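Biologist: I would like a close look at one part of this model, namely the surroundings of the ligand. Please set that part in the context of the whole chain, and take your time over it.

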Amino acid sequence: MSEPSQLPNPERTPLQAIGGDSALRLLVQHFYDHMDLDPEYALIRALHPPTLDSARDKLYCFLSGWMGGPPLYVEKYGNPMLRARHLPFAIGSRERDQWLACMDQAMRDLGLAEPLRQSLYNAFYSTADWMRNKPGDLPEAITKLHGG
Ligand code: HEM
């Protein structure tokens, strides 16, 4: 039997469930620290600029709104148009999987309860999969659109 706080609670936003704003800051910090330092994420690290400061702030702001908290990204940077903003970077299944592994590592670092980690992983998967933009390695919805 799970602790009451670990049961799915539709009245709590994902941001509240992970522990609020300070937990989100920590999640993003761990995510980019892993990307920066762990050789298994070298492929996606190489797509980023030498300094990750701006990426850290943008991901933190974006995830705040994405997890049901204040829409900081929209307030500061405007419409996310996330897929369009990723088009300059060649993203296929390998890049997606490294991004997800890095985020999964960060979620495990925070010690998130298992059902919560799994449901966030599934949501991250959908968003990350939608970022794929390599010819021959596109999201299923786009392949179907072009009759492929
Ligand atoms: C699928 C694999 C992904 C790769 C390889 C990737 C890579 C990148 C790169 C290289 C940048 C530019 C960083 C910079 O210029 O400082 C970026 C920006 C960003 N990424 Fe990703 N990303 C991925 C998935 C995601 C996902 C799933 C999310 C959200 C859940 C996300 C959120 C963002 C945000 C908010 C920005 C800043 C956009 C801007 O304002 O320019 N990314 N990403």
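Modeller: What follows begins with the chain as a whole, goes on to the ligand, and ends with the nonpolar core and one loop residue.

The model is a predicted one, and its protein chain has nine helices and zero strands, so that the pattern read along the sequence is α-α-α-α-α-α-α-α-α. For 148 residues a compact globule would have a radius of gyration near 15 Å, and the 16 Å of the protein chain agrees with that expectation; along the principal axes, the C-alpha trace spans about 45 × 35 × 35 Å. Of the 148 residues, 18% count as buried, and among contacts between residues at least 6 apart in sequence, 68% join residues at least 24 apart.

Turning to the part you asked about, there are 22 residues around the ligand, of which Ala-55, Lys-58, Phe-62, Trp-99 and Ala-128 come nearest. By class, this shell consists of 14 nonpolar, four polar and four charged residues. Helix 4 (53–66), helix 6 (82–86), helix 7 (93–109) and helix 8 (114–130) each supply at least two residues of the shell, and the largest share, five residues, comes from helix 4.

The largest nonpolar core has 21 residues, and those that touch the most other members are Leu-27, Val-28, Phe-31, Cys-102, Met-103, Ala-106 and Met-107. Two or more residues of this core come from each of helix 1 (14–18), helix 2 (21–37), helix 4, helix 7 and helix 8, with helix 2 giving the most, six residues. Helix 4, helix 7 and helix 8 are thus named both for the ligand shell and for this core. Within the core, Cys-102 can serve as an example: leaving out residues up to four places away in sequence, Cys-102 touches Phe-31, His-34, Met-35 and Tyr-41. As a general background, nonpolar side chains in soluble globular proteins tend to be buried together.

Leu-138 offers another view of the chain, in the loop between helix 8 and helix 9 (140–145). Leu-138 has 19 other C-beta atoms within 10 Å and is therefore partly exposed, since a buried residue would need 20 or more. Apart from neighbours within four places in sequence, Leu-138 is in contact with Arg-132, Asn-133 and Thr-143, whereas Asn-122, 16 residues apart from Leu-138 in sequence, is 18 Å apart in space, C-alpha to C-alpha.

Note on methods. Residues numbered from 1 in each chain as written. Predicted model: local features only at pLDDT ≥ 70, side-chain atom pairs only at ≥ 80, totals over all residues. Helix = DSSP H or I, 4+ residues; strand = E, 2+ residues; numbered from the N terminus. Rg over C-alpha atoms; globule rule 2.2 N^0.38 Å. Buried ≥ 20, exposed ≤ 12 C-beta atoms within 10 Å, placed from the backbone. Contact = placed C-beta atoms within 7 Å. Near = placed C-beta within 6 Å. Nonpolar A, V, L, I, M, F, W, Y, C, P; charged D, E, K, R; others polar. Core = buried A, V, L, I, M, F, W, Y, C linked by C-beta atoms within 7 Å.
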